[in-house]
Amino acid sequence: MYGGAAPNPFVSLAQILAKLKDEDGHILIPGFYDDIIPPSSEELAAWKSLPFDEENTGSGVGSKTLWEKRG
């Protein structure tokens with residue numbers, strides 16, 4: 001009876017959530033990255049040495065492609 005008189009809370013929530021990250025995956029909350037310490041070269045090397053099978057990783061969750069953070 002009164003549709004449109006007040007904002008739909010679900011639409012408002014969806015709009016808020018959509019603004020939390022940019023299209024490259026960067027979080028847009030002010031100050032979010034302030035206390036982040038970049039990984040050391042040793043940590044990066046250790047991560048790269050871990051076994052990772054990109055082709056089969058998504059199949060475990062039913063996905064044919066993996067999301068890749070750009071930038």
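Me: What makes Leu13, Leu17, Leu20, Ile29, Phe32, Tyr33 and Ile36 a nonpolar patch on the surface?

Reply: Patches take residues with over 30% relative accessible area and no salt bridge (a side-chain nitrogen of Lys or Arg within 4 Å of a carboxyl oxygen of Asp or Glu). Nonpolar side chains (Val, Leu, Ile, Met, Phe, Trp, Tyr) are joined within 5 Å, like charges within 9 Å. These seven form such a patch, with about 630 Å² of accessible area together (Shrake-Rupley, 1.4 Å probe, only the protein chains shown as cover). Bear in mind that this is a predicted model, where local features need pLDDT of at least 70, side-chain atom pairs count only at pLDDT 80 or more, and totals for chains, interfaces and linings use all residues. Residues are numbered from 1 along each chain as its sequence is written, and side-chain values use heavy atoms, leaving out hydrogens and water.

Me: Why is Leu13 called partly exposed?

Reply: Buried means under 20% relative accessible area, exposed over 50%, and partly exposed is in between (1.4 Å probe, protein chains only). Leu13 has 44%, so partly exposed it is. Phe32 at 40% gets that label too, and so does Tyr33 at 36%.

Me: And what makes Phe32 and Tyr33 an aromatic pair?

Reply: A search of the whole structure finds one aromatic pair. That's Phe32 and Tyr33, 5.2 Å centre to centre with 85° between the planes. Rings of Phe, Tyr and Trp (its six-membered ring) pair if their centres lie within 6.5 Å; planes under 30 degrees apart are stacked, over 60 edge-to-face, the rest tilted. So this pair counts as edge-to-face.
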